[in-house]
Amino acid sequence: MRLRVEFTTEPFDLDEAPAHAVVAREVIQSADLDAVDVGPFGNTAEGGVDAVLTAVDALLRESLAAGATRVSLQVNVIEGGEK
């Protein structure tokens, strides 16, 4: 099974990326995922179920520790995504 996760962290700062956003991006970019797309208002990543769930666990723990007050995420099963 393959999964896609989409996430944002808050609070937002349009002038400079807050520490929690930087940490979240670093966690996702360093994870063993197949595809990662980071942007100013949302981020997505895809991979196998274990890799995505491990990355989401680290994302939540580390971004909250870095000052996030809210983390919004959505996890979807990718159709036809056997791998």
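**Close-up 1. The length of helix α1 in this predicted model.** Helix α1 has twelve residues, and at 1.5 Å a residue these should span 16 Å; the C-alpha atoms at its two ends are 16 Å apart, which agrees with that expectation. Among the residues of α1, H20, A21, A24, V27 and I28 are buried. These buried residues cover an arc of only 125° around the axis, which puts them on the same side of α1. As a general background to this pattern, an α-helix has 3.6 residues a turn, so residues that are three or four places apart point the same way. The partners against which the buried residues of α1 pack are β1, β2, β3 and α2, the last of these being residues 49-65.

**Close-up 2. The sheet and the helix that packs on it.** An open sheet is formed by four strands, which follow the order β2-β3-β1-β4 and pair in the antiparallel sense. At the edges stand β2, made of residues 35-38, and β4, made of residues 70-77, and each of these strands pairs on one side only. If the direction is ignored, neighbouring strands of this sheet are turned by 15° against each other on average. Helix α1, residues 19-30, packs on the sheet and touches β1, β2 and β3, while its direction makes about 165° with that of β1.

**Close-up 3. Strand β3 and its two partners.** In general, the strands of a sheet pair through backbone hydrogen bonds, and the pairing is either parallel or antiparallel. Strand β1, residues 2-10, runs antiparallel to strand β3, residues 43-48, and six bridges join the two. Within this pairing, E6 stands opposite T44 in β3. The pairing of β2 with β3 is likewise antiparallel and extends over four bridges, and here A35 stands opposite E46 in β3. Strands β2 and β3 form a hairpin, with four residues between them.

**Close-up 4. A network of salt bridges around R2 and R4.** Side chains of opposite charge can pair when their charged atoms come close. The structure holds five salt bridges, and one of them joins the side chains of D34 and R2, at 2.4 Å from N to O. Since D34 lies in the loop between α1 and β2 whereas R2 lies in strand β1, the pair ties together parts that are 32 residues apart in sequence. D34 counts as partly exposed because its relative accessibility is 46%, whereas R2, with a relative accessible area of 11%, is buried. Another salt bridge is formed by E46 with R4, where the closest N and O atoms are 2.8 Å apart. This pair links distant parts of the chain, with E46 in strand β3 and R4 in strand β1, 42 residues apart. R4 counts as partly exposed, at 29% relative accessibility. Taken together, R2, R4, D34 and E46 are linked in a network of salt bridges.

**Close-up 5. The salt bridge between R70 and E10.** R70 forms a salt bridge with E10, and the closest N and O atoms of this pair are 3.8 Å apart. Here too the pair links distant parts of the chain, as R70 belongs to strand β4 and E10 to strand β1, 60 residues apart. At 51% relative accessibility, R70 counts as exposed, because the cut-off for this class is over 50%. E10, by contrast, is partly exposed, with a relative accessible area of 21%, and a residue would have to be under 20% to count as buried.

How values were computed:
Residues are numbered from 1 along each chain as its sequence is written. This is a predicted model: local features need pLDDT of at least 70, side-chain atom pairs count only at pLDDT 80 or more; totals for chains, interfaces and linings use all residues. Side-chain values use heavy atoms; hydrogens and water are left out. Two strands pair if DSSP finds at least two bridges between them. Axes are lines fitted to C-alpha atoms, for helices over the stretch in contact, and angles run from 0 to 180 degrees between N-to-C directions. Contact means heavy atoms within 4.5 Å. The expected span of a helix is 1.5 Å times one less than its number of residues. Buried means under 20% relative accessible area, exposed over 50%, partly exposed in between (1.4 Å probe, protein chains only). The arc is that of the directions from the helix axis to the C-beta atoms. A salt bridge is a side-chain nitrogen of Lys or Arg within 4 Å of a carboxyl oxygen of Asp or Glu.
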